[in-house]
Amino acid sequence: MKIHLLIMLLLLNISLGVQGKDIHLAVENSWPPFADVHGQGLSTSLVTRAFSEVGITTKISVVPYARALSGTQAGIYDGCYNVTRQSSTEAVFYFGQTPLLKAIASFYYRKGDAFPYGSIEDIVDQTQIGLIRGYEYGDVYEQHKGRFVETRVGQQQQLIAMLNMERFKAIIMFDRVAKFNVKNMELKNGISKGFVNHTSDIYVAFSREFSQWEYYAKKLDEGIAILKRKGLYKKIMEGEIK
């Protein structure tokens, strides 16, 4: 009887162990305050704390954003985060139900320049736009991007510097990221904010090569709910705790 019980317990442990207790995620190295050059920031704090609340350890690889996406698609990483959920990403990744956060992105232009546009439809064809390599900018931008002359770079501060060197007419940046980088670059005149391009629901994107994605997506949703219930989510987003 004891042997049979031991076998049953072992089988149960094996069954539960299939789900695992850790997950390997990639994060970009150029989106402060959400993820800085070391991968640290608000998003990382949210992801690691949410998974920790449900007993899961997070292994994180810090790479350029485009590599995080391609590595996740290839199954090198179980997932990556700071990904905008839109048609193009839903076609190649799996997502849970709950976003990590919402982020607003706007058009920015040089101080003193004219940028007389109230929407993306108003921007004239062949306008030079600066963007970050691999970033998603919403479904509406996808419909119009063929009208523009795009240049994509790897770093946020590079984007701002090239704007001020008149390499672009405008750039698109997430508002909180723009504010953070302008402050840290100690720009005398800063940059001007135009109209809002889109509001992103930012997620962990799971690889379609990752057979256990659904389990981990549900556990992440559960962990985020716990953070909100405990009041920790707000404190993390306000930078009070890491």
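Helix 2 and helix 8 sit roughly perpendicular to each other, a label that covers angles of 65 to 115 degrees. This is a predicted model, with local features needing pLDDT of at least 70 and side-chain atom pairs counting only at pLDDT 80 or more, while totals for chains, interfaces and linings use all residues. Residues are numbered from 1 along each chain as its sequence is written, and side-chain values use heavy atoms, leaving out hydrogens and water.

The axes of helix 2 (residues 42–53) and helix 8 (residues 213–230) come within 7 Å and cross at roughly 100°; axes here are lines fitted to C-alpha atoms over the stretch in contact, with angles running from 0 to 180 degrees between N-to-C directions. Helices are DSSP runs of H or I with at least four residues, strands E runs of at least two, numbered from the N terminus. On the helix 2 side, Leu 46, Arg 49, Ala 50, Phe 51 and Glu 53 meet helix 8 residues including Tyr 216, Leu 220 and Leu 227, where contact means heavy atoms within 4.5 Å.

Phe 51 also turns up in the largest nonpolar core, where Phe 51, Leu 101, Phe 107 and Phe 206 touch the most other members out of 75 residues. Such a core is a set of buried Ala, Val, Leu, Ile, Met, Phe, Trp, Tyr and Cys residues joined through side-chain atoms within 4.5 Å, buried being under 20% relative accessible area with a 1.4 Å probe, protein chains only. Overall, 49% of the 242 residues in the protein are buried.

As for the fold as a whole, there are nine helices and nine strands.

Note on methods
Buried < 20%, exposed > 50% of the residue type's maximum accessible area, 1.4 Å probe, protein only. Parallel < 35°, antiparallel > 145°, perpendicular 65-115°, else oblique.
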